[in-house]
Amino acid sequence: MRHNIILLALSLSLPIFAQHEASVTLRPADAKEKINKEIYGQFAEHLGSCIYGGLWVGPQSPIPNTQGYRNDVLQALRDIHVPVMRWPGGCFADEYHWMDGIGPLEQRPRMVNNNWGGTVEDNSFGTHEFLNLCELIGCEPYVSMNVGSGSVEEAAKWVEYMTAKDGPMAKLRKQNGRQEPWHVKYIGVGNESWGCGGNMRPEYYSDLYRRYQTYCREYDGNHLYKVASGASDYDYTWTETLMRQVGTQMKGLSLHYYTCYTWSGSKGKATQFDADQYYWTIAKCGVGVEEVLQKHIAIMDQYDARRNIDLLLDEWGTWWDEEPGSIRGHLYQQNTMRDAIVAAFSLNTFHQYTQRLKMCNIAQVANVLQSMVLTRGDQMVLTPTYYVFKMYVPNMEAINIPLSVQCETFEAENEQRNSSRRVSNYISASASRMADGTVNINLANADLRNTRRVTINLSGITGKVQNAQILTSADIKDYNDFARAEAVRPASFKNATINRQGQLVVEMPTKSIVCLQIK
């Protein structure tokens, strides 16, 4: 079926602005909510070559490594200041038995990854390897417990093994070479319990969650942030049931939202798509995810007006068909300039909901779906999405500045998903204020044909334009691969000035992302 895009008449969408112009108005007086750095979280599942070959090659590998972790990937992750990483899944988490991944490597049993391609794994990457990785790159670990095929006892002992100073599990950890406990904050009680995590009803899972969280104890000053397995996309009943039956026994409630064309048959090609498919993608990741966030947050507000329970979008991103020639079930996909636009539109949206939305984890960190890096042997490529995350680093822990955008719009409809039509702006924007007063401006122009003059009303913010960068490419289908690792990368941006009226004027090329600072 065809993905229909209807461009609204200029007279309907822009009554006061000339064509191809846009206006952004900042409201710094309303800036109150912090953009948690965890909004820029990552997700590493035992899936394809995300772990083995992506993050981990083992200490005996000829590929340059530190304690078995790839040096190139370690540095790439440090450069984007990864704040939190979720592991071991995903669907894999509910078949993972943590005791298989501790102790001498030669004694660890092999296992078949039934969820993702039937790959046989040797369990050389387990609890120690993950938590030590988090320490190396300076991020918080987010560990998903096995609820689907595990037991309460197994989960309770895992928490004790990781975080207790004394006791039988702490003794076992010490025997395996780690004397001091790790700091582990985030604990996920199951994953997608409505699907691959057990095909449960929300009422049943609610009771199961209450039981599991009871036995996930806090040891020696390590405070746990317990996350319930939440809804997929539009399942508002799941959220309502958990809010009603679990309530404040959870600190966070997860949500999963992916951008793809359909869940039956082809999800769409990563590098082969037409303009209609492109615009539908942008509408789904922009206004689409905003609608979903608004509805889930509205339900949470009914039961938790003081917002003691956080919403965590702990899986999000694009999900296209696997690349031709790749291993089936490993979800290896390329990452084009389109994916970068998706990332920018999504992050700009997330900034607006941080009063409730406290963490987001893009799927996934390496070689899977909308990844940060691609690896092949001793080679590594940084994706266009990686560069968006790097350009947005200054927003971490800054205060979100609310804003409004007026510009031309487009209307998108995807008949394959039987979705309603969505009207989206061509321009997406967000802004934030750092502790030293520096203001970050983030803009994305999704238009494939027209440049956009974006006039930003700074509302009293003064200073000079600094550190302006642009990410764009000649073709929206451009991507970085091992033969052309820098086809898409940021460059210095010169077309941003402050006019005599104190407005910031930015000449946005087609299909581009611009980040700059006012200081």
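**Exercise 1. Find what the buried side of α5 packs against, then work out where that side lies.**

Solution. The buried residues of α5 pack against α3 (127–137) and α4 (152–163), where contact means heavy atoms within 4.5 Å. Helices here are DSSP runs (H or I, at least four residues) and strands are E runs of at least two, numbered from the N terminus.

This is a predicted model, in which local features need pLDDT of at least 70, side-chain atom pairs count only at pLDDT 80 or more, and totals for chains, interfaces and linings use all residues. Residues are numbered from 1 along each chain as its sequence is written, and side-chain values use heavy atoms, leaving out hydrogens and water.

Next, list the residues. In α5 (residues 168–175), Met169, Ala170 and Arg173 are buried, meaning under 20% relative accessible area, with exposed over 50% and partly exposed in between (1.4 Å probe, protein chains only). They cover an arc of only 100° around the axis, so they sit on the same side of α5; the arc is that of the directions from the helix axis to the C-beta atoms.

Finally, turn the helix around: Pro168, Lys171 and Gln175 are the exposed residues on the face away from the buried side.

**Exercise 2. Trace the six-stranded sheet and explain its edges.**

Solution. Start with the order: β17-β21-β22-β28-β24-β25, an open sheet with antiparallel pairing. Strands pair if DSSP finds at least two bridges between them.

Now the edges: β17 (399–400) and β25 (491–492) each have a single partner strand, so one side of each lacks a neighbour in the sheet.

Then zoom in: β21 (residues 427–433) and β22 (residues 439–445) pair over seven bridges, with alanine 429 opposite leucine 443 of β22.
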